[in-house]
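Open your viewer and switch to a cartoon view. We will walk from strands to helices and finish with the whole chain.

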Amino acid sequence: MHETYLAGSFAFACTNAEMALLEEAFQAASDLMTGFDPGDPSEELIAILPPIDPDDRWSGLRDLFGDPAFPAFGAALSGGNSLKTPAVCDVQIFGATDFQPEPIAKLVHRCCQTSLQEHPIGFEWGMTCSKPWSDEFGGGWCAIHADRIELHLTREGLAAALQSENPTAAQLAESHGIWGELAGHPVEDWQYEVANSDTRLGYWDWVVVRQAVAVAMASDPIPD
């Protein structure tokens with residue numbers, strides 16, 4: 001048996017109104033996870049997280065998560081008015097065991113548009129393991145802009161650095177055609193990741209990274 005932990009902690013500044021939205025969303029997610037009735041969302045929160053299910057006014061919040069039945073951010077939210085600028089809130093989001101980068105990034109992106117127009121917000125996270133098993137350590141980074149979210153794993157960067165033994169993107173494009181496709185790497189999967197801002201790579205560069213990750217995992221598999 002082993003335990004894998006995701007940890008992250010970051011701070012940023014936002015408006016009082018944005019802080020109120022973050023607090024409402026975090027509290028509602030906690031209530032939903034523990035079986036409490038969070039009541040109805042505020043009109044301000046509904047405006048940025050509109051329900052996708054007319055019978056569930058919190059379905060917009062649930063939609064931030066991979067599994068809507070488990071809306072857990074794996075993090076706590078704290079903060080208050082800045083001592084330097086009372087109209088601004090100093091915020092910290094932190095978690096040590098089950099930090100969830102994607103839903104946290106999506107929530108900040110929805111709630112903090114006014115602040116994001118002035119400057120992006122970024123954070124890193126780490127993955128550790130209770131046992132020294134290969135490929136169970138890593139992490140990633142996220143940059144939240146007003147118009148997009150960039151979220152990448154350190155494993156992607158490592159795979160790109162190790163790709164020298166595999167065909168380059170240019171070589172793949174030349175052998176398969178610029179509009180071609182490599183078996184096992186559907187264009188639809190690449191398009192999905194692009195649409196979700198999970199990658200900004202072109203198709204053939206994306207294929208190269210996936211191949212390198214596959215080689216690395218195959219050469220050092222995780223034990224059962």
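Begin by selecting strands E2 (residues 76–81) and E3, which run antiparallel and are joined by six bridges. Strands, like helices, are DSSP runs numbered from the N terminus, with at least two residues of E for a strand and at least four of H or I for a helix; two strands pair if DSSP finds at least two bridges between them. A word on the source: this is a predicted model, where local features need pLDDT of at least 70, side-chain atom pairs count only at pLDDT 80 or more, and totals for chains, interfaces and linings use all residues. Residues are numbered from 1 along each chain as its sequence is written, and side-chain values use heavy atoms, with hydrogens and water left out.

**Stop 1: strand E3**

Pick Asp 90 in E3 and look to either strand partner: Gly 80 stands opposite Asp 90, and so does Ala 13. Now show the side chains of residues 88–95. Cys 89, Val 91, Ile 93 and Gly 95 make up the covered face of E3, while Val 88, Asp 90, Gln 92 and Phe 94 lie on the uncovered one. Add strand E1 (residues 4–15), which pairs with E3 in the antiparallel sense over eight bridges.

**Stop 2: the rest of the sheet**

Next select strand E4 (residues 121–129), an antiparallel partner of E1 over five bridges. To check the register, find Tyr 5, whose bridge partner in E4 is Thr 128. Colour all the strands and you can follow an open sheet of six, in the order E2-E3-E1-E4-E5-E6, with antiparallel pairing. E2 and strand E6 (149–153) stand at the edges with a single partner strand each, so one side of each has no neighbour in the sheet. From one strand to the next, the twist averages 10°.

**Stop 3: helix H1**

Which residues of H1 are buried? They are Glu 18, Met 19, Leu 21, Leu 22, Ala 25, Phe 26, Ala 28, Ala 29, Asp 31 and Leu 32. Buried means under 20% relative accessible area, exposed over 50%, and partly exposed in between (1.4 Å probe, protein chains only). H1 has 19 residues and reaches 27 Å from its first C-alpha to its last, close to the 27 Å expected at 1.5 Å a residue, where the expected span is 1.5 Å times one less than the number of residues. Just after H1, Gly 35 takes a positive phi of about 90°.

Zoom in on Phe 26, which is found in H1 (residues 16–34). Phe 26 counts as buried because its relative accessible area is 10%. Leaving aside neighbours within four places in sequence, Phe 26 is in contact (heavy atoms within 4.5 Å) with Phe 73, Ala 75, Ala 76, Leu 77, Ile 93 and Leu 107.

**Stop 4: where H1 meets H4**

Select helix H4 (residues 101–111): the axes of H1 and H4 come within 9 Å and cross at roughly 145°. Axes here are lines fitted to C-alpha atoms, for helices over the stretch in contact, and angles run from 0 to 180 degrees between N-to-C directions. On the H1 side, Glu 18, Leu 21, Leu 22, Ala 25 and Phe 26 meet Leu 107, Val 108 and Cys 111 of H4.

**Last stop: zoom out**

The protein chain has nine helices and six strands. Its C-alpha atoms fill a box of roughly 55 × 45 × 40 Å, taken along the principal axes. Of the 224 residues of the protein chain, 35% count as buried.
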